[in-house]
Amino acid sequence: MNLILFDVPKYRTFLKPLTLTRPVAGLRCGILTVGEKWEQRLGAEASFLTETYLREKFTTRYTEDNLYVNASCLPDDALTSTVQALNTGESLYCGNDLAAYRTADHLDYGFEPGAGAGRKEYPAPVSFLRELPHLFLNNGREIGEDFTLLSRSRASEKMTDPHT
């Protein structure tokens, strides 16, 4: 499986000026960037599908089994399992948002899955970075999620928050 984190053009625009120099997956929310979150959870190195002017630094690698994941989407264990279980030709939607699409096709920036893509609906709520305030509104929860993710295989003190 080849992990490709893709930018949704309208969300990329709403996340400016931070996305002028990096793809959405390069934004940090919590301890990790969105790209690092997906890489940790899927055990795969990501490439990026973004604006043309960023592609020299943030390249896209294609194979015969490409898993396109929406870089605005913040992963959790349940969503990650559902994304991993997608078969070639299946897409996963969270409401009106495409969360993931698995295909052998080499797609370009701003793609939409074809009408033949087996559409699946994800039943639970998912957090997306759709505009700048979402980085801050999700940051506290994402720090906890990332801490849990990074300390799973380690002996660690529990994280405490004196404000809760």
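**Exercise 1. Is P17 buried or exposed?**

Start with the ground rules: this is a predicted model, where local features need pLDDT of at least 70, side-chain atom pairs count only at pLDDT 80 or more, and totals for chains, interfaces and linings use all residues. Residues are numbered from 1 along each chain as its sequence is written, and side-chain values use heavy atoms, leaving out hydrogens and water.

Step 1: get the cut-offs. Buried means under 20% relative accessible area, exposed over 50%, and partly exposed in between (1.4 Å probe, protein chains only).

Step 2: apply them. P17 has a relative accessible area of 53%, so P17 is exposed.

Step 3: place the residue. P17 sits in the loop between α1 (9–14) and α2; helices (H or I, at least four residues) and strands (E, at least two) are DSSP runs, numbered from the N terminus. Its C-alpha is separated by 9.1 Å from that of L132, which is 115 residues apart along the chain.

**Exercise 2. Work out the overall build of the protein.**

Step 1: count the elements. There are 5 helices and 6 strands, and along the sequence they run β-α-α-β-β-α-β-β-β-α-α.

Step 2: check compactness. The radius of gyration is 16 Å, close to the 15 Å that the globule rule gives for 164 residues, so the protein is as compact as a globular protein of that length. The radius is taken over C-alpha atoms, and the rule is 2.2 Å times the number of residues to the power 0.38.

Step 3: look inside. Of the 164 residues, 46% count as buried. Take contacts (heavy atoms within 4.5 Å) between residues at least 6 apart in sequence: 71% of them join residues at least 24 apart.

**Exercise 3. Dissect the largest nonpolar core.**

Step 1: define it. A nonpolar core is a set of buried Ala, Val, Leu, Ile, Met, Phe, Trp, Tyr and Cys residues joined through side-chain atoms within 4.5 Å.

Step 2: find the hubs. Among the 32 residues of this core, L3, L5, W38, V69, L79, V83 and L92 touch the most other members.

Step 3: trace the suppliers. At least two residues each come from β1 (2–6), α2 (34–42), β2 (46–49), β3 (66–70), α3 (77–84), β4 (90–94) and β5 (97–103). The largest share, 3 residues, is from α2.

Step 4: zoom in on L5. Not counting residues up to four places away in sequence, L5 touches A25, G35, W38, A46, S47, F48, L49, V69 and A71.

Step 5: look elsewhere. Apart from this core lies another, of 11 residues, including I4, V8, Y101 and F111.
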